[in-house]
Amino acid sequence: MIEKERKKIELLFSLLDDVSEHSANIIMAELLSYAENLPDWLQNFQESDSAIIRKRVHQLQAIMTIRQRRIEFARYLQGENNELNDDMIEALALLHLQWYDNDNFQTIKDVYMELLLKSRKFEFNTLNDVAYFMRKMKFKVSERNGLQPDLYCIGIVIDECLGADCILCALAKTLAMDNNLDLKIIKLVDNFSLMDENNTLLTPFHDWRTFTPQKYDDLQIWSDRKIIELISTRLFMSAVGSDSFRYVHTIGNLLAELIGEDNLNFLPYPYNS
């Protein structure tokens, strides 16, 4: 860091105890433009004698954490490969953290690993084996299957054994893959299912029932990336529907990156503010 930048950052931190929230927001925005150089400064000011500075340092750290999670999440969706494979759960965990930003990434991964270890005690040779395990673990589709955020956050879904059909299919597919069973996620009309190499389907609806469709013209194969984009969109719609402007901004910026936009200016007021 050049001396000029160091002095400016030092000056900005010295102004953080301004009682005006408006002034503080301007100062914090300016500090965030030096995000790469902030970690050491933030660590030093965590123990400041000023309660106002400690509070704003915490806010800066939270903003930087959210930004980093957004960058990491977008990275999973920017490659050429549409199948995330081992990265699927990590992408779902990072997406969970876009909504529950106080949760811990490793805790979510640990919850999944506990479920994975349980699955390894079962044989996953057929769709019926997958169905048996998911029933045994009592995973169910929410009757409403709507836009409630908990239905799309993988940590909550695993904890409560309840979720939207798309995320339950993603979870079951990932568990099956670890057990060397390759499945595809299928959309049939408005519902999601899993399909094996024999074109047999397994639906989370009706307690994980397997069936053979009468016709295949209406089947749509969905990639992992497309499922993640759908879940992201559902969370964004949930934020808009509940006027949760904080999450509109957080998840909206993530979706903006995915479609090549730098910000939310293309949205109407107040979502572009």
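Which residue forms a salt bridge with Glu 90? The legends below take up this pair and other sites in a predicted model.

**View 1. Glu 90 and Lys 109 form a salt bridge.** The partner of Glu 90 is Lys 109. Their closest N and O atoms are 3.1 Å apart. The pair links distant parts of the chain. Glu 90 sits in helix α5, residues 88-99. Lys 109 sits in helix α6, residues 105-119. The two residues are 19 apart in the chain. Glu 90 is partly exposed, because its relative accessibility is 23%. Lys 109 has a relative accessible area of 17% and therefore counts as buried, the cut-off being under 20%.

**View 2. Glu 30 forms a salt bridge with Lys 8.** Here the closest N and O atoms lie 2.9 Å apart. Helix α2 (residues 21-32) carries Glu 30, and helix α1 (residues 3-14) carries Lys 8. The pair links distant parts of the chain, 22 residues apart. Glu 30 is partly exposed at 29% relative accessibility. Lys 8 is partly exposed too, with a relative accessible area of 35%. A search of the whole structure finds four salt bridges, this pair being one of them. Side chains of opposite charge can pair when their charged atoms come close.

**View 3. Lys 173 forms a salt bridge with Asp 224.** The closest N and O atoms of this pair are 2.8 Å apart. Lys 173 belongs to helix α9, residues 165-178. Asp 224 belongs to helix α11, residues 224-241. The pair links distant parts of the chain, with the two positions 51 residues apart in numbering. Lys 173 is buried, at 5% relative accessibility. Asp 224 is buried as well, with a relative accessible area of 2%.

**View 4. Helices α9 and α11 pack against each other.** The angle between them is about 145°, and their axes are 10 Å apart. The crossing is left-handed. From α9, the contact is made by Cys 166, Ile 167, Ala 170 and Lys 173. From α11, Asp 224, Ile 227, Leu 230, Ile 231 and Arg 234 take part. Both members of the Lys 173 and Asp 224 salt bridge are thus among the contact residues.

**View 5. His 96 is a buried residue of helix α5.** The relative accessible area of His 96 is 1%. Its side chain makes a polar contact with the side chain of Asp 103, at 2.7 Å. What else does His 96 touch, leaving aside neighbours within four places in sequence? Besides Asp 103, His 96 is in contact with Ile 108, Cys 153, Ile 154, Gly 155 and Ile 156.

**View 6. The buried residues of helix α7 line one face.** Helix α7 spans residues 127-136. Leu 127, Val 130, Ala 131, Phe 133 and Met 134 are buried in this helix. Seen down the axis of α7, these buried residues fall within an arc of 165°, so they line one face of the helix. An α-helix has 3.6 residues a turn, so residues three or four places apart point the same way. The buried residues of α7 pack against helices α6, α9 and α10 (205-208). They also pack against strands β4 (191-195), β5 (201-203) and β6 (209-211). Just after α7, Lys 138 takes a positive phi of about 65°.

Key
Residues numbered from 1 in each chain as written. Predicted model: local features only at pLDDT ≥ 70, side-chain atom pairs only at ≥ 80, totals over all residues. Heavy atoms only, no water. Salt bridge = Lys/Arg side-chain N within 4 Å of Asp/Glu carboxyl O. Helix = DSSP H or I, 4+ residues; strand = E, 2+ residues; numbered from the N terminus. Buried < 20%, exposed > 50% of the residue type's maximum accessible area, 1.4 Å probe, protein only. Polar contact = N/O pair within 3.5 Å; in protein donor to acceptor, adjacent residues only side chain to side chain. Contact = heavy atoms within 4.5 Å. Arc of directions from axis to C-beta. Axes fitted to C-alpha atoms, helices over the stretch in contact; angles between N-to-C directions. Left-handed = near helix turned anticlockwise from the far one by under 90°.
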